[in-house]
Amino acid sequence: MEELTLGIEVMDETHTEFLQCLARVKAASGSDFVEGFSALVEHTEAHFAMEEELMRSLGFYGLQEHHDEHETLLSEMRYFLQKARKLPPFGRSYIDDYAYEKFRRHIINIDSQLAMFLKTVETEKVYG
Ligand SMILES: [Fe+2]
Ligand SMILES: [Fe+2]
């Protein structure tokens, strides 16, 4: 997962946890699948809330765009989780075929901007 490392510890740790959660859901079967999927949604809610709090507290210029993207990703996940409760294969296709790519793209295109901003803020604190 080298390519997804942003160099901001709290973000990288959260993203690693996400990938671990995702791996667990992929490996799960039966009722463990829906349970794991639900844990993945909860993890994502906390993950996004953490980034949004960071952005708000530092007055990040891209907050609105980033926030909107989080909302889109989360509502999609919640939709598939809801479907999976009645029809597990439906959620399975999201987990197996889409989730990783969606998050990879978010990290590369959107989280990377926030990481760059955080690094600038750090540099200014040190060299001000
Ligand atoms: Fe993130
Ligand atoms: Fe994000």
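**Entry 1: F60 and Y61**

I started with F60, which counts as buried at 5% relative accessibility. I kept in mind that this is a predicted model. Then I looked up Y61, and that residue is exposed, with a relative accessible area of 63%. How do the rings of F60 and Y61 sit relative to each other? Their centres are 4.5 Å apart and their planes meet at 55°, so I wrote the pair down as tilted. The reasoning is that planes over 60 degrees apart would count as edge-to-face and planes under 30 degrees as stacked, and 55° fits neither.

**Entry 2: more rings**

How many aromatic pairs are there by this rule? I got a count of 10. One that I checked is F33 with F37, an edge-to-face pair with 6.0 Å from centre to centre and 65° between the planes. I looked up where the two residues sit: they are 4 residues apart in helix α2, so about one helical turn separates them. Buried or exposed, I asked next for F33? F33 is buried, with a relative accessible area of 2%. F37 comes out at 0% relative accessibility, so I put it down as buried too.

I followed the ring pairs further and found that they link F33, F37, Y79, F80, F90 and Y94 into a cluster. F90 has something else going on: the charged end of K83 sits over its ring, 5.9 Å from the ring centre.

**Entry 3: the iron site**

Next I turned to the metal. Which residues coordinate the iron ion (ligand 1)? I noted H15 and H47, each through NE2, plus E51 through OE and D111 through OD. The distances run from 1.9 to 2.2 Å. Along the chain, these donors follow the spacing H-x31-H-x3-E-x59-D.

I checked the angles among the 4 donor atoms and got 84 to 158°, and the site is classed as irregular. Why not tetrahedral? That label needs all angles between 85 and 135 degrees, so a range of 84 to 158° rules it out. For my own reference, the ideal angle for four tetrahedral donors is 109.5 degrees.

**Entry 4: E51 and its neighbours**

I went back to E51, since I wanted to know what else it touches. E51 coordinates both the iron ion (ligand 1) and the iron ion (ligand 2), and the two ions are 3.5 Å apart. H47 and E51 both lie in helix α2, which covers residues 31-58. They are 4 residues apart, about one turn of the helix. Last thing I looked up: H47 and E51 are both buried.

Methods. Residues numbered from 1 in each chain as written. Chains lettered and ligands numbered in written order. Predicted model: local features only at pLDDT ≥ 70, side-chain atom pairs only at ≥ 80, totals over all residues. Heavy atoms only, no water. Donors = N, O, S within 2.8 Å, 3.2 Å for Na, K, Ca; no water. Tetrahedral: all angles 85-135°; square planar, octahedral: opposite > 155°, others 65-115°. Buried < 20%, exposed > 50% of the residue type's maximum accessible area, 1.4 Å probe, protein only. Phe/Tyr/Trp six-rings, centres within 6.5 Å; stacked < 30°, edge-to-face > 60°. Lys NZ or Arg CZ within 6 Å of the ring centre and 35° of its normal.
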